[in-house]
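Me: I would like to learn how to read strands, pockets and buried cores in a model of this kind. Could you take me through them one feature at a time?

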Amino acid sequence: MYGFSAFALILCVILNGSTISAQELKMDWPQFRGPDGQGVLNSGDLPKTWDSKKNILWKVELPGAGTSSPIVRGSRIYVTSYSGYNVPRQPRGEQDQLRLHLHCLDLKTGKLLWTTTVKPKLPEQETIRDEHGYASSTPAIDDERIYVFFGKTGVFAFSHEGEQLWQSDVGSNLNGWGSANSPVLVDSSVIINASVESESLVSLDRTTGKENWRVKGIKESWSTPIIQKTSSGEATIVVPMFGKILAINSKTGERIWSCDTDISWYMVPGLVAHDGIVYCIGGRAGGALAVRSGGSGDVTRTHRVWTGKKGSNVSSPIYHKGHLFWMNDKNETAYCANAETGAIVYEERIPRFGEVYASPVLSGDSIYYLSRMGRVAVISAHPRFELISVNDFGERGIFNASPALTKGKLLIRSNRFMYCIGSD
């Protein structure tokens with residue numbers, strides 16, 4: 001099923017005293033939106049319905065709040081949080097009480113294995129809209145290190161046991177929406193979209209944290225970049241920002257191409273790509289486009305395939321079998337568009353679902369949409385609208401973080417709890 005050779009099936013990686021098979025690694029969720037940043041993983045027989053008595057394997061209270069997503073490597077979950085200041089539904093506190101955390105949990109039980117705590121650089125933003133908080137960036141992990149971005153406090157590398165290995169500054173500016181972009185790994189570098197902190201895209205050496213290059217002028221972008229390969233196999237970093245999509249050489253920081261989006265404000269949703277076409281949605285008023293990768297300079301006239309009026313201001317899309325799927329953040333509406341033409345195939349409202357900030361995930365032929373109210377709509381990933389189920393955790397919490405998939409399990413965190421959904 002996974003195309004492993006007999007050798008690969010028995011190959012094991014010895015890491016932190018535990019054995020992780022090659023097959024297990026293929027089922028990991030190592031960064032924001034999964035293995036390739038697209039929100040897709042065929043994670044096995046994932047439940048489509050659950051409640052307090054069925055298919056919730058465990059629920060644990062997290063030591064802090066946050067809107068970052070969990071990541072998974074082997075039998076461990078890693079997630080960030082914050083405590084001590086401006087925590088939703090707690091006394092406000094003082095900024096000098098603010099602490100930033102990286103937690104490690106056991107995938108099977110949810111047991112907290114360890115916590116590493118960082119003191120922030122102050123002053124921090126006094127208030128952050130919609131209770132996004134101070135731990136919005138999802139970590140990324142490789143064989144040796146965990147990479148965490150805490151905004152103006154910096155980028156950190158930790159060992160798999162939580163030991164701090166290095167810290168690097170990427171800027172100190174603040175914003176009322178907070179900081180959100182997550183680290184992306186390519187070659188021997190970790191890429192940080194520091195649009196809030198310094199209007200920069202920054203490449204850091206994974207081993208030392210030393211800066212490789214910095215691209216300025218990355219304005220109003222809360223979007224995590226994706227990695228594309230050129231026809232010659234070189235890695236290209238693609239990131240949306242105010243008015244444009246930019247493609248940047250991963251080794252040199254050279255700007256390769258740009259494309260106008262006609263989206264007139266900041267960008268939050270992540271990009272998705274398939275067969276050399278990059279798809280983008282965004283904007284408060286909506287907006288969408290497709291652009292063919294490649295070329296040089298401004299490729300708007302030569303490479304832009306189509307534009308559309310429907311989009312989402314926060315949540316990212318899913319690409320599947322020639323179609324794009326997404327939910328609008330405000331109007332409780334699920335969309336499907338033809339990826340070749342941009343034509344809307346359906347737009348269907350899910351009543352009483354609530355706002356959607358989290359990006360969806362796809363497993364098999366089912367898409368999982370999470371609302372800020374803690375409701376999960378499971379929709380068939382076909383160009384005919386089929387609402388399979390709507391599930392509710394019954395928690396009066398804030399669900400801004402995107403779900404994670406791994407090994408037949410769905411991980412969802414609120415500002416208070418982590419849930420693991422799987423077959424009982």
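Me: Let us start with strand pairing: over how many bridges do strand β5 and strand β6 pair, and in which sense?
Reply: In this predicted model, strand β5, residues 76–83, and strand β6, residues 99–106, pair in the antiparallel sense, and the pairing runs over 8 bridges. To find the register by eye, look for Tyr78, which stands opposite Cys104 in β6.

Me: What is the strand order of the open sheet of 4 strands that holds this pair, and how are its strands paired?
Reply: The order is β4-β5-β6-β7, with antiparallel pairing. At the edges are β4 (71–73) and β7 (112–118), each of which pairs on one side only. Neighbouring strands of this sheet are turned against each other by 25° on average, direction ignored.

Me: Where else is there an open sheet of 4 strands with antiparallel pairing?
Reply: Such a sheet is also formed in the order β8-β9-β10-β11, and its edge strands, β8 (140–141) and β11 (164–168), each pair on one side only. Within this sheet, strand β10, residues 155–158, is joined to β11 by 4 bridges, the two running antiparallel, and Ala157 stands opposite Trp166 in β11.

Me: How should I read the side chains along a strand, and which residues of β16 are buried?
Reply: As a general idea, side chains in a regular strand alternate between the two faces of the sheet. Along β16, Ile226 and Gln228 point to one face and are buried, whereas Ile227 and Lys229 point to the other face and are not buried. The partner of β16 is strand β17, residues 235–241, with which β16 pairs in the antiparallel sense over 4 bridges; here Gln228 stands opposite Thr236. The two strands form a hairpin with 5 residues between them, and Gly233 in the turn has a positive phi of about 90°.

Me: What about empty space: how many cavities of 30 Å³ or more are there?
Reply: The general idea is that rolling a probe the size of a water molecule over the atoms shows where empty space is left. The count here comes to 3 cavities of 30 Å³ or more, and about 150 Å³ of space lies in the largest cavity. That cavity is lined by 19 residues, with Glu124, Gly151, Gly178, Ser179 and Glu197 nearest its centre, and its lining divides into 7 nonpolar, 9 polar and 3 charged residues.

Me: And which residues lie nearest the centre of the largest pocket?
Reply: They are His132, Ala180, Val268, Val314 and Tyr357, out of 32 lining residues. The largest pocket has a volume of about 560 Å³, and its lining has 10 nonpolar, 17 polar and 5 charged residues.
The second largest pocket has a volume of about 460 Å³; of its 23 lining residues, Pro30, Gln31, Pro35, Asp36 and Leu185 are the closest to its centre. Here β16 returns, since α2 (22–26), β12 (184–186) and β16 (226–229) each supply at least two residues of this lining, which divides into 11 nonpolar, 4 polar and 8 charged residues.

Me: Finally, which residues touch the most other members of the largest nonpolar core?
Reply: Of the 30 residues in this core, they are Ile77, Tyr368, Phe393, Leu410, Leu411 and Ile412. Among the strands that each supply at least two residues are β3 (56–61), β5 and β30 (366–370), while the largest share, 5 residues, comes from β35.

Terms used. Residues numbered from 1 in each chain as written. Predicted model: local features only at pLDDT ≥ 70, side-chain atom pairs only at ≥ 80, totals over all residues. Heavy atoms only, no water. Pairing = 2+ DSSP bridges. Axes fitted to C-alpha atoms, helices over the stretch in contact; angles between N-to-C directions. 1 Å grid on protein atoms, 1.4 Å probe; cavity = no way out; pocket = protein on both sides within 12 Å on 5 of 7 lines; lining within 4 Å. Points joined across faces, edges and corners; volume = space filled by probe spheres on them. Nonpolar A, V, L, I, M, F, W, Y, C, P; charged D, E, K, R; others polar. Core = buried A, V, L, I, M, F, W, Y, C linked by side-chain atoms within 4.5 Å. Buried < 20%, exposed > 50% of the residue type's maximum accessible area, 1.4 Å probe, protein only.
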